[in-house]
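Good morning, everyone, and thank you for making time for this. Please have a look at the sequence and the structure on the screen before I begin.

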Amino acid sequence: FFSKSIKNAHKDWICSLDYLTSTSLNNHDILLSGCRGGYLKFWNINTLEKIAEFRAHLCPINSIKVNKNMVFTASE
């Protein structure tokens, strides 16, 4: 077991996390994080490098769920 952290990953509180395993479309495992400000961020789990970020909601992202093809987020 080991621990890693990303300083200032979001400007607001992180409210939800999920994990996407590597597939033929992406060659690395991805951590997804959603914050109180409605931003969704994608992180390379090995390097902790930010892959993408966008504003998914105007309210906090309360839940993130993924399957092979889609990312689902829930907000107020």
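I will go through the confidence, then the sheet, and then the nonpolar core.

Please keep in mind that this is a predicted model, and that the protein averages a pLDDT of 90, with 95% of the residues scoring at least 70. As for the individual elements, confidence is lowest in strand E1, residues 14-20, where the mean is 94, and highest in strand E5, residues 63-66, where it is 96. As a general caution, where pLDDT is low, the predicted coordinates should not be read in detail.

Let us turn to the sheet, which is an open one, formed by 4 strands in the order E1-E2-E3-E4 with antiparallel pairing. E1 and strand E4, residues 50-55, stand at the edges with a single partner strand each, and so one side of each is left without a neighbour in the sheet. On average, and with direction ignored, neighbouring strands of this sheet are turned by 15 degrees against each other. Between E2 and E3, which run antiparallel, there are 5 bridges, and Ser-33 stands opposite Lys-41 in E3.

Which residues make up the largest nonpolar core? There are 7 of them, namely Leu-20, Ile-30, Leu-32, Leu-40, Phe-42, Ile-61 and Ile-64, and the elements that give two or more residues to this core are strand E2, residues 30-35, and strand E3, residues 39-44. If we follow Leu-20 and leave aside its neighbours within four places in sequence, we find Leu-20 in contact with His-28, Asp-29, Ile-30, Leu-32, Val-66 and Asn-67.

Conventions:
Residues numbered from 1 in each chain as written. Predicted model: local features only at pLDDT ≥ 70, side-chain atom pairs only at ≥ 80, totals over all residues. Heavy atoms only, no water. pLDDT = per-residue confidence, 0-100. Core = buried A, V, L, I, M, F, W, Y, C linked by side-chain atoms within 4.5 Å. Buried < 20%, exposed > 50% of the residue type's maximum accessible area, 1.4 Å probe, protein only. Contact = heavy atoms within 4.5 Å. Pairing = 2+ DSSP bridges. Axes fitted to C-alpha atoms, helices over the stretch in contact; angles between N-to-C directions.
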